[in-house]
Amino acid sequence: MFSSEAKKRISLVLKRYPIKSSALLPLLNLAQEEEGFVSEDSMREIAKLLDLTPPKVYEVATFYTMLNLKPIGRFHLQVCKSLMCALVGSETLLKWIDQELGIKPGETTQDNMFTLNTVECLASCGTAPMMKVNNDYFEHLTHEKVCQLFEDLRTTGKCSLATGPFRWPDPGMLR
Amino acid sequence: MAAFEKILLKNMDMPDYSGSLKDYERAGGYRAIQNALGKTKPGDLIDIVKRSGLRGRGGAGFPTGVKWGFIPQDHPGPKYLCCNADESEPGTFKDRQLIERDPHQILEGIILACYAIGARTSYIYIRGEFALGAEILEKALDEAYKVGYLGTNILGAGFDLDVYVHRGAGAYICGEETALLESLEGKRGKPRTKPPFPAIAGLYGKPTVINNVETLANIPHIVNRGPEWFMSIGSPPKSPGTRVFSLSGHIARPGNYEVPMGITIREMLEDFGGGMSDGKQLKAIIPGGASASFLTSEHLDVKLDFEGIASAGSMLGSGAITFMNEGTCMVWAAERLLEFFHHESCGKCTPCREGSMWLLQILHRMEAGHGKHEDLDLLLKLCGNIAGQTVCAFGDAEIAPIVSTLQHFRHEYEAHIRDGCCPYRTEQAELVSTGSSQRH
C-alpha cells in the first residue's frame, strides 16, 4: 500500500495526463519501488485511484516483464541473454553466478538476498557481459568483478562498480 | 577514411562535458530555439526538416519532415509529440548514450518539433530499464523549466510546452509507435491496426508524431546550420547526415561510433571497430539490429546507408551492427534471436504469436541435434505464413534471422541434421530458461 510520500508523487503524476489510466504504468512502477513487487493489494488500490477494475490493472501488469507479481530477493540480478551478450559470454556469467550463489535463472538464494533472472536486451551490447541489479547496470563483467559485486551488496547494499552515465568507448581506451 | 565532424556525439567529446544545461549552452546549445521560436513559422520549420532529408533513426527510416507534415495544421488540438526512447532492439545502445550524456540536445529537438507541429504537450517514453536515463532526463527538464525553455510563453514567443518523462516497464514492442501510444494510455502495448495513422488519430485519438531520440537530437543542428548543410553530409540525397552506429560482437573495440552515412561496413569494422578480435575470421554481420537479415563477409564493401544495406538484402534499421566470427553457429544465433522474438511477441496476431513458438521449437530441436531434413522446408513455409500477415513489422522481423541464415548458411543447418549435434559446440548447448512469465 502506498506511503504518504508516494501519495504525494501520485497526485503529481496524475496531473501529467488528460486521462487517468495513463498513470497506470507509473503507479505500477511506484508500487514496485515501494514494496519490491506489485502486490494484489496495491493493484486494487491503483484500480480505485484510476477508476479501473482490478482485472484491468492485472491485465496490464502481466504484460510488462519488469513488474514482479511475486516477492523476490532483495537484489534482483537480471542477466541479458540476447544474442549480442551471448556472443561475448553471458552463459559464462550465469555459470559464475551459479558458482558464487548457487542459483540458476528463476531461483532465489535461501537467505532471500538474490533473485536471478535472464532478460532480453538491455542496450548494453558493446559492454557485455552485463547484468542489471535492481536499478543499476554492471558492465564488462569478469569473475572477479562478480565476486566483488556480491560481496559489496551483502555488506553495504551498494557497489561502486555500477556503470553510467553511459558512454562507450571512452576516449582513454582509444589513445 | 577522410576526416569528418561529429554532430551528435561532439559535445560529449569535450573534456569535462557533463550534459548539464550550462555545459550544453556553452557548447552552443539552445541557440536553435532562440533563433526559431516566434521568428520562423512552424510550417517553414517543417519545410526545413523536409529539405534536410533527415530520416528516422529508430528503424524504419521514414522522412521526418514528411511525418511532421502529415499533422493537420488546422486541427484545434491538442496535438502530441512522443519521443521514442524505448531503445530495445538487440544490438542497439546509441540512444542510451545520447540520453545519459547530452539530454538537453534531445530536449531542444523536442521543443523545435513541438513548435513545428503545434504540440503543447510531449511525452518522452523511455524504457523502464533506463532508470538512470529517466533520472537524468527529469533533471534536465527541471533545468529547462527553470530558465524558461519549457513552460508558458517560452522565450516570449507565445509558445507553451510541457514535457514529461514516462517510464515503460519492460516490453520491446512498445518501441513500435502505436504500441507505444497504447502503453502510454495505460494499456498492454499492442500495436494498432493502421490506418488511421498516428498523425491523424494518435495519442488519445489526437494527431501525434512519434520520433526517435537520435532523430530529435539532429533537429537543433539542422535548424542552426541549415538543410543544405545537412544534405551535404553522408550519403545524399536519400541518406544524408551521420548515424551513431552501435558496434557489438566479436570485434576488438565495440561501442558507439558516429560517422557519415555511406562508409562501408569494412571501414566501420576496421577503422572504428578495431577489426575482429582474437585474430578470428568474420563469418556473419547483422547490419541493423536483431530485426535485420544476416549478411556475410562477402558484404563488407556494402555501404552503410539506407539504400546500400537494402540492396544487399537487409536493412539499416536502428544502426546496430553485430559481427560474428567463424566459430559462431548460425543455427544457434538464429535460435537466440528467436528466443527474443518469441518472448517479446505481444500476442495480438496469431501468425506472429504461434509462429514464433513453432519456429523456436524447431530451432531448439535442430540445435539439440534432433533436426529432420523436412524441418528446413517447414521453417521456410512457416516464415512465409508470417510475412506480411501481422499488424506491425514485428512479424517480418522475427523471420529475418531464419530466412537469411537459411539463405547464406544452409549448409550449417544441414550439418546439424546430418551429424545429429551442433558442430560448433563442444558441450551440449544449454537452453537457458528465461525464468519469467509469458507475455501472452
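Visitor: What makes Asn212(B) a cap for the N-terminal end of α9(B)?

Guide: In this predicted model, a side-chain oxygen of Asn212(B) lies 2.8 Å from the backbone nitrogen of Glu214(B). A polar contact needs N or O atoms within 3.5 Å, and 2.8 Å satisfies that, so the pair counts as one.

Visitor: What comes just after α9(B)?

Guide: There you meet Gly226(B), with a positive phi of about 90 degrees.

Visitor: Why is helix α9 of chain B called mostly covered?

Guide: Of its 13 residues, 213-225, 11 are buried. Buried stands for under 20% relative accessible area. Among the buried ones are Val213(B), Glu214(B), Asn218(B) and His221(B), along with Leu216(B) and Ile219(B).

Visitor: Why is the pair of Phe166(A) and Phe93(B) called edge-to-face?

Guide: The ring centres are 6.1 Å apart, and pairing asks for centres within 6.5 Å. The planes stand at 80 degrees, and over 60 counts as edge-to-face, so the name fits. A search of the whole structure finds 19 aromatic pairs over all chains, if you enjoy looking for them.

Visitor: How do you know that the pair joins two chains?

Guide: Phe166(A) sits in the segment after α7 of chain A, while Phe93(B) belongs to the loop between β1 and α5 of chain B, so two chains are joined. Both residues are buried.

Visitor: What makes Phe341(B) and Phe394(B) an edge-to-face pair?

Guide: Their centres lie 5.4 Å apart, within the 6.5 Å limit, and their planes meet at 90 degrees, over the 60 required, so they qualify. This pair links distant parts of the chain: Phe341(B) is in helix α13 and Phe394(B) in helix α16, 53 residues apart. Both Phe341(B) and Phe394(B) are buried.

Visitor: How do you know that Arg96(B) lies over the face of Phe166(A)?

Guide: Arg96(B) is placed at 4.0 Å from the ring centre, and the distance limit is 6 Å. Its CZ must also be within 35 degrees of the ring normal to count. Arg127(B) likewise lies over the face of Phe130(B), at 5.5 Å from the ring centre.

Visitor: Which residues have the most contacts inside the largest nonpolar core?

Guide: Leu28(A), Tyr64(A) and Ile110(B) do, in a core of 158 residues. Its largest share, 10 residues, comes from helix α6 of chain B. Apart from that core lies another of 24 residues, including Val259(B) and Leu282(B). In soluble globular proteins, nonpolar side chains tend to be buried together.

Note on methods:
Residues are numbered from 1 along each chain as its sequence is written. Chains are lettered from A and ligands numbered from 1 in the order in which they are written. This is a predicted model: local features need pLDDT of at least 70, side-chain atom pairs count only at pLDDT 80 or more; totals for chains, interfaces and linings use all residues. Side-chain values use heavy atoms; hydrogens and water are left out. A nonpolar core is a set of buried Ala, Val, Leu, Ile, Met, Phe, Trp, Tyr and Cys residues joined through side-chain atoms within 4.5 Å. Buried means under 20% relative accessible area, exposed over 50%, partly exposed in between (1.4 Å probe, protein chains only). Helices (H or I, at least four residues) and strands (E, at least two) are DSSP runs, numbered from the N terminus. A polar contact is a pair of N or O atoms within 3.5 Å; within protein, one must be able to donate a hydrogen and the other to accept it, and residues adjacent in sequence count only if both atoms are side-chain atoms. Rings of Phe, Tyr and Trp (its six-membered ring) pair if their centres lie within 6.5 Å; planes under 30 degrees apart count as stacked, over 60 as edge-to-face and the rest as tilted.
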